[in-house]
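Visitor: I keep meeting words such as "buried" and "paired". Please show me how each one is earned.

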Amino acid sequence: MMIIMLMIIAQTTLCHAQYHIPSYLNPKDFSSIKKYLNDSIDCLDPIEGIYNAQMSRDFQYISRNGLGHKFYHDGGSGSYSFRCAIYRNTENSYRIALESFDSDLKIVNSKISHIGETPIYNFELEYPPKFLKEKSIVGDYYFYSNKFLSSSSRAAIESQVVVNFDVNIKNKCLVKGDNSKSEGYDVDIILQDNYSLIKEYPTSSMYDSKTVKQEKSLWTGTGFAFSNGYIVTNHHVINEAKAISIKGVNGDLNNGYTAEVVATDKTNDIAVLKINDTRFDGFGTIPYSISTRMADVGEEVFVLGYPLTQALGNEIKLTNGIISSRTGYQGDIATYQISAPVQPGNSGGPMFDSKGNVIGIVVAGVPGAENVGYAIKTSYLKILNESAGLDIKLPTNNTLSTLSLSEKVKLVKNFVYYIECSK
């Protein structure tokens, strides 16, 4: 049987709990920053890197005379190109280093930090006030400011390599003419900067290599109780795994139980696992039956599993739909096509009919296609059970048939498990 998409989730490689700035890292030496980025590729935050940057600036000021009248002035605009680097400064914050920038416009201090667990960052920037003392803006008048211009703005990473953000600064200054007898007046300085940063290092291929490395080292899927201590999942979920951990037993997602593979059907993508952990003391009474009957087109079904846990969390997820076809991809007779959405991590999970009988094993979704998934017919699980000599009696005691969907889920979720595999 052709597998449409392996439902695995790459987990982030664990880094040191406490971050220490490398002794060789020098913000004024981009070669040292590049070395840090290369040495730390497995632990880098997405914001870190060396960027080619563009900045456009619009400058306005509002003056007030002694009578309180406002006068709006256009201070002009400009654009600047430069290279910058964003690197980790502490465990949870980052800074900008500038390789080249107009000395009157440069950032003199910075702090960048995550906003919660989102891909959004808060930028706190400080600019020197030196350029406020130049004559070029208003002829023979000077701007006087005795403090740094500071600004806080937010930026979202649009992709692994692009960051765009705006900075708006408003600062009060005192303006006086060259002639000491000239009267001064208050001015509001307004700067509007737009930054566009395109990452040049690390390269996309380096991130691709990092992702492949992580995908090969740790991945996840879903399984469900077959008999006491035995769990059904997909073959591709446990394929090449050297260690398998089962979480969610009796609702406990914090502790995992070790398991071993006891039977596989690679052709139909089914595997049976057995918990071999001395701490394991049983699943309890399985509340559903596993039915090998052929379902009809149009029957309502629902799916439980642990998809996209990095983004969605590890709480069990429910989707529902109907049997769209009694054959799967390219007419495959071993699978159903279903409209219940399935995503990476759902693989190996149970598909229930409206009565709460397991009638399929989720195997795949189609990337880019909404509401198209596939589930292996449980008759092939029965064949594997018999041919592998397991002789496990399929659960037949269904206590769910008269319950509402939400009540079914409450009873069933402790028998649907989160499977972690690693090499």
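The talk below takes the terms one by one.

Visitor: What kind of model is this, and how are its residues numbered?
Guide: This is a predicted model, where local features need pLDDT of at least 70, side-chain atom pairs count only at pLDDT 80 or more, and totals for chains, interfaces and linings use all residues. Residues are numbered from 1 along each chain as its sequence is written, and side-chain values use heavy atoms, with hydrogens and water left out.

Visitor: How many helices and strands does the protein chain have?
Guide: It has six helices and 21 strands. Both are DSSP runs, numbered from the N terminus: helices are H or I with at least four residues, strands are E with at least two.

Visitor: What makes strand 12 and strand 21 a pair?
Guide: Two strands pair if DSSP finds at least two bridges between them. Strand 12 (residues 243-249) and strand 21 (residues 416-422) have five bridges, in the antiparallel sense. With five bridges against a cut-off of at least two, they therefore count as a pair. One bridge joins Ile246 to Ile419 in strand 21.

Visitor: Which strands form the closed barrel, and in what order?
Guide: Six strands run 10-11-14-13-12-21, with antiparallel pairing. The twist averages 40 degrees from one strand to the next. Such angles run from 0 to 180 degrees between N-to-C directions, and the axes are lines fitted to C-alpha atoms, for helices over the stretch in contact.

Visitor: How do you know that strand 11 pairs with strand 10 and strand 14?
Guide: Count the bridges. Strand 10 and strand 11 have three, in the antiparallel sense. Strand 11 and strand 14 have four, also antiparallel. Tyr230 shows both sides: it is the bridge partner of Ser227, and it stands opposite Lys274 in strand 14. Strand 10 and strand 11 also form a hairpin with two residues between them, and Gly229 in the turn has a positive phi of about 90 degrees.

Visitor: Why is Asp269 called buried?
Guide: Buried means under 20% relative accessible area, exposed means over 50%, and partly exposed lies in between (1.4 Å probe, protein chains only). Asp269 has 2%, so it is buried. Its place is in the loop between strand 13 and strand 14.

Visitor: Why is Asn250 called partly exposed?
Guide: Asn250 has a relative accessible area of 45%, so it falls between the two cut-offs. Asn250 lies in the loop between strand 12 and strand 13. Its phi is positive, about 55 degrees, although it is not a glycine. Asp269 is another such residue other than glycine, with a positive phi near 60 degrees.

Visitor: What makes both faces of strand 11 covered?
Guide: Tyr230 and Val232 are buried on one side, and Ile231 and Thr233 are buried on the other. In a regular strand the side chains alternate between the two faces of the sheet.

Visitor: How do you know that the buried residues of helix 5 line one face?
Guide: They are Tyr380, Leu381, Leu384 and Asn385. Seen down the helix axis, they fall within an arc of 145 degrees, so they line one face. The arc is that of the directions from the helix axis to the C-beta atoms.

Visitor: Which residues of helix 6 are buried, and what do they pack against?
Guide: In helix 6 (residues 405-412), Lys408, Val409 and Val412 are buried. Their arc is 100 degrees, so they too line one face of the helix. They pack against strand 15, strand 16, strand 18 and strand 21. Contact here means heavy atoms within 4.5 Å.

Visitor: Why is the pair of Phe280 and Phe283 called edge-to-face?
Guide: Rings of Phe, Tyr and Trp (its six-membered ring) pair if their centres lie within 6.5 Å; planes under 30 degrees apart are stacked, over 60 edge-to-face, and the rest tilted. Phe280 and Phe283 are 5.1 Å apart, centre to centre, with 70 degrees between the planes. The 70 degrees is over 60, so the pair is edge-to-face. Both residues are buried.

Visitor: What makes the pair of Tyr288 and Phe415 a tie between parts of the chain?
Guide: Tyr288 and Phe415 form an edge-to-face pair, with 90 degrees between the planes. Tyr288 lies in the loop between strand 14 and strand 15, and Phe415 in the loop between helix 6 and strand 21, so the pair ties together parts 127 residues apart in sequence. At 0% relative accessibility, Tyr288 counts as buried, and so does Phe415 at 8%.
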